[in-house]
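Visitor: I am new to this structure. Please choose one part and give me a close look.

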Amino acid sequence: MKIVTYNVNGIKARIDRLVEYLTEADADIVCLQELKASDETFPLPAIEAAGYGAVWHGQKAWNGVAVLARGKTPVERLRGLPGEPEDEQSRYLECEVDGLVVASLYLPNGNPRPGPKFDYKLRWMERLRARADALLAEEVPAVLAGDYNVIANDDDTFSVRAMQDDALMQPESRAAYRRLLASGWTDSLRTRHPTGGVWTFWDYQAGAWARDAGFRIDHLLLSPPAADRLVDAGVDKEFRGREKASDHAPTWVSLR
DNA sequence: ATGGCTTAGTTCCTAAGA
């Protein structure tokens, strides 16, 4: 089965591209981020017409995550990360599909740094770690899929120098990501491409796509029972080059 | 990135993204 994470950067602006992807990509489960749409304006009819059911957690203008499944509606498990009740940003949605736990997450960007946005990012990562620990304790096959906004290694970016002051690759951001891996989660794309140089994001600005100046921030982390079933992982890079593309490319893992 | 796109919304500017 093919599981995808795709930051669409506005689902209303991207709906034609998303339907095209659903039609062509042969995906079983698709986790979406940055819907930039309220619950009421989520384009369910177009997604259903493409053969997918959906659960979504929207928000006006910003954020927003969804889980899509081919031929069925995912069963919701958790909406929002526990630990900060006053947090109203829609960034986490956990579902079950055919015995597999799948979470779509949109980790805070954290810029500018230092500042409250970076502090929020680190707190959010700590909350994610607590939830990830709870999933490990369940000993279920689980996939934490999303836009992590973390460049985990120097070879995960076209230029360390260009990004070194960015919140995406600060030592604190990397350490929090590394703690997830150390607790037992497998970075599926990294496992299949251990020497880096694989990008999932290319900025709209400064000709980044044309000169292949990207970085890897969209990750699919696997619990041990899911990692046992890992077959392959990759990026559907071609979709980044299409008209009206998101600045992220769909990133996937296939499991037995 | 000396910020040169793109999206959304209290829309003809501002905020946010990464």
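Guide: Start with the surface near DNA strand B. Its residues divide into nine nonpolar, seven polar and 10 charged. Here Ala, Val, Leu, Ile, Met, Phe, Trp, Tyr, Cys and Pro count as nonpolar, Asp, Glu, Lys and Arg as charged, and the others, Gly among them, as polar. A residue is near the strand if one of its heavy atoms lies within 4 Å of it.

A word on the source. This is a predicted model: local features need pLDDT of at least 70, side-chain atom pairs count only at pLDDT 80 or more, and totals for chains, interfaces and linings use all residues. Residues are numbered from 1 along each chain as its sequence is written, chains are lettered from A and ligands numbered from 1 in the order in which they are written, and side-chain values use heavy atoms, with hydrogens and water left out.

Back to the surface. Of the 26 residues around DNA strand B, Glu34, Tyr106, Asn109, Asp203 and Phe215 come nearest. On the DNA side, sugar and phosphate make up 76% of the strand's atoms that come within 4 Å of the protein. Helix H1 (residues 11-24) gives the most to this surface, with three residues. A helix is a DSSP run of H or I with at least four residues, numbered from the N terminus.

Now the polar contacts, pairs of N or O atoms within 3.5 Å. Tyr106 puts a side-chain N or O atom 3.0 Å from a phosphate oxygen of the strand. Lys60 also uses its side chain: a polar atom there lies 3.3 Å from a phosphate oxygen. Ala61 uses its backbone, with an N or O atom 3.3 Å from a phosphate oxygen.

Technical notes. Polar contact = N/O pair within 3.5 Å; in protein donor to acceptor, adjacent residues only side chain to side chain. Helix = DSSP H or I, 4+ residues; strand = E, 2+ residues; numbered from the N terminus.
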